Amino acid sequence: MPYTPEAIANYFIELPDATDLTPMKLQKLVYFAHGWHLALTDEPLLDEPISAWEYGPVVERLYHALKQHGDSSIHERLRRLKMMPPDDSENRLEEYIPSLDDEPSARAFTKKLLTRIWEIYGRYNAIQLSKMTHQEGTPWYEIRNQFPTLLPKGVPIPNEAIRTYFASKLPAKVAG
């Protein structure tokens with residue numbers, strides 16, 4: 001079962017050595033986690049699609065949850081609203097903090113993968129991570145090249161394209 005992008009982002013935010021987590025860096029970490037999860041399991045990590053925006057791959061709901069931070073580091077976990085069951089015939093919204101521990105399908109594999117993503121990619125800044133997603137042959141690059149002028153916001157990047165790209169980066173022993 002896929003996770004909310006906020007739960008994945010919160011995992012990174014909660015890491016003790018997580019520093020300089022700007023909205024862009026967090027977006028890219030979530031994207032890399034989704035890509036590697038697809039390559040290793042053939043299953044999506046996220047319950048949201050990845051879109052190609054002018055400046056890279058974006059999880060739109062995560063973008064809206066993070067945009068208030070601008071270029072500043074994020075230190076507080078992300079929150080969401082959920083509809084609560086009627087109480088005295090009245091529906092109400094309640095705020096909560098999404099977490100992998102809230103997900104019934106949370107597995108040790110997912111946490112290990114996210115920790116490994118941080119170990120590999122966490123040392124890079126947002127610009128460096130963004131450049132990685134823009135390299136020739138990446139799913140975003142392939143979508144971007146279909147639009148010679150302006151890339152319309154929200155063009156989906158198919159999970160299959162993401163899976164194929166990341167699977168091509170796996171060592172033969174793992175991929176086979």
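**Notebook: helix 4 and the small sheet**

I began on the outer side of helix 4, where Ala108 and Lys112 are exposed, on the side away from its buried residues; exposed here stands for over 50% relative accessible area, buried for under 20%, and partly exposed for what lies in between, with a 1.4 Å probe and protein chains only. I note that this is a predicted model, in which local features need pLDDT of at least 70 and side-chain atom pairs count only at pLDDT 80 or more, while totals for chains, interfaces and linings use all residues. Residues are numbered from 1 along each chain as its sequence is written, and side-chain values use heavy atoms, with hydrogens and water left out.

Next I looked up the buried residues of helix 4, and they are Thr110, Leu113, Leu114, Ile117, Trp118 and Tyr121. Seen down the helix axis, these buried residues fall within an arc of 140 degrees, so they line one face of helix 4; the arc is taken from the directions from the axis to the C-beta atoms. An α-helix has 3.6 residues a turn, so residues three or four places apart point the same way.

I then asked which helices the buried residues of helix 4 pack against. They pack against helix 1 (5-14), helix 2 (23-41) and helix 5 (126-133), where contact means heavy atoms within 4.5 Å. Helix 4 itself covers residues 108-121, and its 14 residues reach 20 Å from first C-alpha to last, close to the 20 Å expected at 1.5 Å a residue, a span reckoned as 1.5 Å times one less than the number of residues.

Turning to the chain as a whole, I found 8 helices and 5 strands, which are DSSP runs (H or I, at least four residues, for helices; E, at least two, for strands) numbered from the N terminus. Of the 176 residues, 43% count as buried.

For the sheet, I recorded that 3 strands form an open, antiparallel sheet in the order 2-1-5, two strands being paired if DSSP finds at least two bridges between them. Strand 2 (56-58) and strand 5 (155-157) stand at the edges with a single partner strand each, so one side of each has no neighbour in the sheet. Strand 1 (residues 50-53) pairs with strand 5 over 3 bridges, and isoleucine 50 stands opposite isoleucine 157 of strand 5.

Last, I returned to helix 2, which lies across strand 1 and strand 2 and runs at about 80 degrees to strand 2; axes are lines fitted to C-alpha atoms, for helices over the stretch in contact, and angles run from 0 to 180 degrees between N-to-C directions.
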